[in-house]
Structure formats: structure tokens, C-alpha cells
Amino acid sequence: MWQNLLFDLDGTLTNSAEGITKCVQYGLRSLKIEEPDIKKLEVFIGPPLRASYMKYYGLTRAEAERAVAAYRSRFEKVGWKENMAYPDMVELLRDLQQQGYRTGICTGKPEYFAVPIAKRFGFQPYLHTITGSTLDGKMDDKAQVVKLALDRWQLHTSTAKAKTLLIGDRREDVLAAHANGIACLGVGYGFGSRKELEEVGADGYVATVAELRSYFFK
């Protein structure tokens, strides 16, 4: 059934909690806001960064921009390396490619960071494209990133979209997929809950990486 597979990055291909939460913390600290509970900051993984700073810490847009700038200064130096690929992900992408699937990354993370991360973990040889947001905040909505990924693959007809699946761990992935007329498979090993994914209408759910493999290789 599926032919085109778009994978979210954070919480789907990699466990990026350490790098993201420490950088969020650094961004808050730049505004003299101390948040010692790193676990509390995992809500930032997935949704747009600027909006999360405003939502969870009551920042103004200008303050959020300053926090994002500080976040990125740390992320570019060290945060992107505080990350690990989930077990079997490289092998899964390789096997999917060998079986004739077209695979790509579709992430709300800026493409500027997504590309070196994909290279670092050995994903890139098994990806047709790596699509992410822009640094200027003009593509903070994940739906815009999904649209760009579909445009790059020239998937515009209902027939083509019916063969296209987004795999992700947060509600934003499901909503972005549906906004573009494609299905979304929710994964439970990332940073979103099954309840979160099902409440917004995920088209399927797998709890583990092993189940993700079994979904494509029966």
C-alpha cells in the first residue's frame, strides 16, 4: 500500500531529549529564568520552539526570539550531538530502501540542523530528501514542512498521497499529515503518548521500534 515514507526526526528516528531540553534550559537562562527540572522541558520536543516558550513560560514574542537565539547558539555547538539514534533505525531505513520504498525525513527542526544530524547517525544514504523548517520562523507550522516535502517529491494527486505515510510521535505530526491529505502512523517510543496521538486521529499506532519494523515487514 505505502510507497512514500516521511519520517519525523526527534522522537521518531532519534532520542534527542538531552540536547533539546538542555538547550531550552539555556534559552530560559538567557532571560534569567531558571528551570532545574529537565524532564519538565520535554514538552518542547516536537512543537514549534517559539510558540512553546510563549505557551509554557509566558514569554512575549520578542523574549521568545531571544530565547530561541540562545537555544540555537548552544544547539549548534553541542546540543545537536547530545542525541542518539534509536536502535535499528539505520538498518530499518536501509531495508526499506532496498524494498523499494522512497524514504525521507520531514521534521519541524530547521533543515540547517537536520542534515548534519542525519549524516552523523548514518541515515543520509538511505534518504531521498531531508526536509525541515527554516531558521527565520516562517515555517513553524509542521504542515508547511510536510507540504514542502510533498512538493519536493512532486506528490500532488490524491492517488500519490494515498501511497504516502508520515511517521511521527507527536500530535503535530498527525495534524500536519492530515492537513496535507496524507496518513500518519503514530509511534509510542518517542515523546508523545498514545492518547495524544489517537485524540487527533492517528491512522495507526506502534508502541516500539520493533513494532515499527513489523508494520512494514510482516
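This passage describes the sheet, the helix packing and the enclosed cavities of a predicted model.

We begin with the sheet. Six strands form an open sheet with parallel pairing, and reading across it gives the order β5-β4-β1-β6-β7-β8. Strands β5 (129–133) and β8 (204–206) each have a single partner strand, so one side of each is left without a neighbour in the sheet. On average, neighbouring strands are turned by 25 degrees against each other, direction ignored. Within this arrangement, β1 (residues 4–7) runs parallel to β6 (residues 164–168), and 4 bridges join the two strands. Here asparagine 4 stands opposite threonine 164 in β6.

Two helices can be placed against this sheet. Helix α6 (residues 142–152) packs on it and touches β1, β4, β5 and β6, with a direction that makes about 150 degrees with that of β5. Helix α5 (residues 111–120), for its part, lies across β4 (102–110) and β5, and runs at about 130 degrees to β4.

A helix-to-helix contact comes next. Two packed helices are described by the angle between their axes and the distance between the axes. For helix α1 (residues 17–29) and helix α2 (residues 49–57), the axes come within 12 Å and cross at roughly 65 degrees. The crossing of α1 past α2 is right-handed. From α1, the residues taking part are Cys23, Val24, Gly27 and Leu28, and they meet Leu49, Tyr53 and Tyr57 of α2. Sorted by class, this contact has 6 nonpolar residues, 1 polar residue and no charged ones.

Helix α2 also returns in the description of the enclosed space. Searching the whole structure gives 2 cavities of 30 Å³ or more. The largest holds about 380 Å³ of space. It is lined by 28 residues, and those closest to its centre are Gly46, Pro47, Leu49, Gly108 and Lys109. Leu49 thus appears both here and in the contact of α1 with α2. The elements giving two or more residues to this lining are α2, α3 (61–77), β4 and α8 (171–179). By class, the lining comprises 11 nonpolar, 5 polar and 12 charged residues.

The second largest cavity has about 30 Å³ of space. Its lining is made up of Asp10, Ser16, Ile20, Phe75, Gly79, Trp80, Glu82, Asn83, Lys109 and Ile117. These residues divide into 4 nonpolar, 3 polar and 3 charged. Lys109 is listed in this lining and also among the residues closest to the centre of the largest cavity.

Methods:
Residues are numbered from 1 along each chain as its sequence is written. This is a predicted model: local features need pLDDT of at least 70, side-chain atom pairs count only at pLDDT 80 or more; totals for chains, interfaces and linings use all residues. Side-chain values use heavy atoms; hydrogens and water are left out. Two strands pair if DSSP finds at least two bridges between them. Axes are lines fitted to C-alpha atoms, for helices over the stretch in contact, and angles run from 0 to 180 degrees between N-to-C directions. Contact means heavy atoms within 4.5 Å. A crossing is left-handed if the near helix is turned anticlockwise from the far one by less than a right angle, and right-handed if clockwise. Ala, Val, Leu, Ile, Met, Phe, Trp, Tyr, Cys and Pro count as nonpolar, Asp, Glu, Lys and Arg as charged, and the others, Gly among them, as polar. On a 1 Å grid over the protein atoms alone, a cavity is a set of points where a 1.4 Å probe fits but cannot get out, and a pocket is an open set with protein on both sides within 12 Å along at least five of seven lines; lining residues have an atom within 4 Å of a point. Grid points are joined across faces, edges and corners, and a volume is the space filled by probe spheres set on the points.
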